[in-house]
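Trainee: I should like to take a close look at a single part of this model. Please describe that part first and then place it within the chain as a whole.

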Amino acid sequence: MSDAPYEFDGLRFLTVQTSNLKGRGDICLFVPKMEVSLSDLPIYILLHGVYGSAWVWALKGGAHKTAHEMMQEGIIKPAIIAMPSDGLWGGGSAYLAHHQKDFAQWIVNDVPLAIRENIPEAGAQSSLCIGGLSMGGYGALRLGAGHPEKFSAIAAHSAITRLSEMELFVEEPVSDYSTGQEHPDVIDVIRENRTKLPPIRFDCGRDDELIEGNRLLHRQLKDINVSHTYEEFEGGHQWGYWQRHVRKTFIFFDRSFLKKERKSGLFT
């Protein structure tokens, strides 16, 4: 864990040894400072895209600053923003299990456990939400739908929706990812768990090369009667787009979390 005197802007850094990665994984965290000590804060996981790492959502996307401003303005309740690496395999791991490493379990199990064990503001009752951009959107949609019992909401920006689209971004052939994958595309996982999904939201820029895949997923979800929110905006596959629209992910997570708490009777 990073030492408090050297941390900045509410960011903390955690390195975890895990058998799922056969080594170490990094997590960048934004932990809001509050006058009153709180525990069991919700954890909003943001997954990065290809070529990225644990630092990019904060230091290229400014996600922590956006979240902090929204919390100060009362737009969203306090939450921990967790920005883990994808495991740093090749141009991107796609958050799948392959090459004797389980990049999916790293995100689904190791990351929440490490936060709950090391961050006092988190706890066993911390609700989890998962989102991401591009390859991270693919990871968020697949992992969220594949583990609906773990997540209160799923969100994605400019998402890869079919494993074949990884070819647009990485040098590694798709066959390096697909061995042993029963449900390589987002719709496959959603269809498998369609009766128990948490709320889903995704968006894409109209100038994005992934726009047709996102439109197709939207149509597929409508065809199988899966409730979701899909929006399109001006913009392409770039940080300017994600910087603007991550606000919508935070609001979506916050509203989904509050709905879940009201339904369970934990929030009044």
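Mentor: Immediately after helix 2, G74 adopts a positive phi of about 75 degrees. The model in which this appears is a predicted one. Helix 2 itself comprises residues 63-72, and its buried residues are A63, H64, T66, A67, M70 and M71. Buried here denotes a relative accessible area under 20%. Around the axis these residues cover an arc of only 160 degrees, which places them on the same side of helix 2.

The surrounding chain may now be considered. Helix 2 is one of eight helices in the protein chain, which also has ten strands. The radius of gyration is 17 Å, close to the 18 Å that the globule rule gives for 268 residues, so the chain is as compact as a globular protein of that length. In extent, the C-alpha trace spans about 50 × 40 × 35 Å along its principal axes.

Burial can also be stated for the whole chain: 57% of its 268 residues count as buried. As for contacts with a separation of 6 or more, 72% of them are made by residues 24 or more positions apart.

The surface and the charges complete the description. The protein chain exposes about 12,000 Å², of which carbon and sulfur atoms supply 47%. There are 28 positive and 34 negative charges, and the mean positions of the two sets are 6 Å apart.

Note on methods. Residues numbered from 1 in each chain as written. Predicted model: local features only at pLDDT ≥ 70, side-chain atom pairs only at ≥ 80, totals over all residues. Heavy atoms only, no water. Helix = DSSP H or I, 4+ residues; strand = E, 2+ residues; numbered from the N terminus. Rg over C-alpha atoms; globule rule 2.2 N^0.38 Å. Buried < 20%, exposed > 50% of the residue type's maximum accessible area, 1.4 Å probe, protein only. Contact = heavy atoms within 4.5 Å. Areas by Shrake-Rupley, 256 points an atom, 1.4 Å probe, with all protein chains shown as cover. Lys, Arg positive; Asp, Glu negative; His and termini not counted. Charge placed at Lys NZ, Arg CZ, Asp CG, Glu CD. Arc of directions from axis to C-beta.
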